[in-house]
Amino acid sequence: MTMTNLVWDDSASLAIPEIDEEHRTLYRVYNAIRRSLEREDGAIDLKGVCAELLSFTRDHFAREEALMAAHGYPDLEAHRKLHATFLQQIEDIWTFVRTGAEPDDYLARFLVLGFIGKWIKMHTLVVDRKFGEWVRLHVRKDMAG
Ligand SMILES: [Fe+2]
Ligand SMILES: [Fe+2]
């Protein structure tokens, strides 16, 4: 069983540099957790990287929503709801990891992280991309390079 590996390359770019940079970081933090769970790197502190994922994701969503609001993005409210639902889900996972309620339930963690990886991939490549396209068409051409 292999979890989703998030590879950031030019095809993942929204052509909005500040968001691209954050998505790159999001992919990196997620992949650190994946490697930890797949035991490719035993030195990784699972609790530490999960906490980093949660806090970084929360900040990223806030910055992304602020940028959308600043540009008057019409789908902001729907996008905000997707962010809020996902944050709640990863907060639940963080509680699970932090409290160590089921520390040996490797399969459960594995499935949960698989879900997170698929969500991040789909969200950045499909949902966030819509914002990138909207900016390109309606806001400023200099952002889209
Ligand atoms: Fe995003
Ligand atoms: Fe988003």
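Here are legends for several close-up views of this predicted model.

**View 1. The whole chain, a run of four helices.**
Let's start with the overall layout. The secondary structure amounts to four helices and zero strands, and along the sequence the pattern reads α-α-α-α. Of the 145 residues in the chain, 19% are buried. Among contacts between residues at least 6 apart in sequence, 71% link residues at least 24 apart.

**View 2. Helix α1 beside helix α2.**
Helix α1 covers residues 17-37 and helix α2 covers residues 46-70; their axes come within 10 Å and cross at roughly 160 degrees. Angles over 145 degrees count as roughly antiparallel, so α1 is roughly antiparallel to α2. The crossing of α1 past α2 is left-handed.

**View 3. Who meets whom between α1 and α2.**
Here we look at the residues that bring the two helices into contact. From α1 come Ile19, Glu22, Thr25, Leu26, Val29, Tyr30, Ala32, Ile33 and Ser36, and they meet residues of α2 that include Leu46, Val49, Cys50, Leu53 and Phe56. Also on the α2 side of this contact are Glu52, Thr57, His60, Arg63 and Glu64. The residues of the contact divide into 11 nonpolar, four polar and four charged.

**View 4. The largest nonpolar core.**
Ten is the number to look for here: the largest nonpolar core has 10 residues in all. Its members are Met3, Leu6, Tyr30, Ile33, Val49, Cys50, Leu53, Leu113, Ile116 and Ile120. Helices α1, α2 and α4 (106-138) each supply at least two residues of this core. Some names may look familiar from the previous view: Tyr30 and Ile33 of α1 also take part in the contact with α2, as do Val49, Cys50 and Leu53 of α2.

**View 5. Another core, set apart.**
Apart from the largest nonpolar core lies another, made of six residues. Among them are Leu14, Ile16, Met68 and Phe131.

**View 6. Alanine 15, with a positive phi.**
Alanine 15 sits in the segment before α1. Most residues other than glycine have a negative phi. Alanine 15 is not a glycine, yet its phi is positive, about 65 degrees. Is this residue exposed or partly exposed? Alanine 15 is partly exposed, because 15 other C-beta atoms lie within 10 Å.

**View 7. Glutamate 21 in α1.**
Glutamate 21 belongs to helix α1. The residue is exposed, since 11 other C-beta atoms lie within 10 Å. A handy partner for finding your way is tryptophan 8: the two residues are 13 apart along the chain, and their C-alpha atoms are separated by 10.0 Å.

**View 8. Alanine 62 in α2.**
Now we move to helix α2, where alanine 62 lies. Alanine 62 counts as exposed because it has 11 C-beta neighbours inside 10 Å. Histidine 83 is 21 residues away from alanine 62 along the chain, and 9.1 Å separate their C-alpha atoms.

**View 9. Alanine 84 in α3.**
The last stop is helix α3 (residues 76-99), home to alanine 84. How many C-beta neighbours does alanine 84 have inside 10 Å? The count is 12, so alanine 84 is classed as exposed. Arginine 58 lies 26 residues from alanine 84 along the chain, and the C-alpha atoms of the two are separated by 9.0 Å.

Note on methods
Residues numbered from 1 in each chain as written. Chains lettered and ligands numbered in written order. Predicted model: local features only at pLDDT ≥ 70, side-chain atom pairs only at ≥ 80, totals over all residues. Axes fitted to C-alpha atoms, helices over the stretch in contact; angles between N-to-C directions. Parallel < 35°, antiparallel > 145°, perpendicular 65-115°, else oblique. Left-handed = near helix turned anticlockwise from the far one by under 90°. Contact = placed C-beta atoms within 7 Å. Nonpolar A, V, L, I, M, F, W, Y, C, P; charged D, E, K, R; others polar. Core = buried A, V, L, I, M, F, W, Y, C linked by C-beta atoms within 7 Å. Buried ≥ 20, exposed ≤ 12 C-beta atoms within 10 Å, placed from the backbone.
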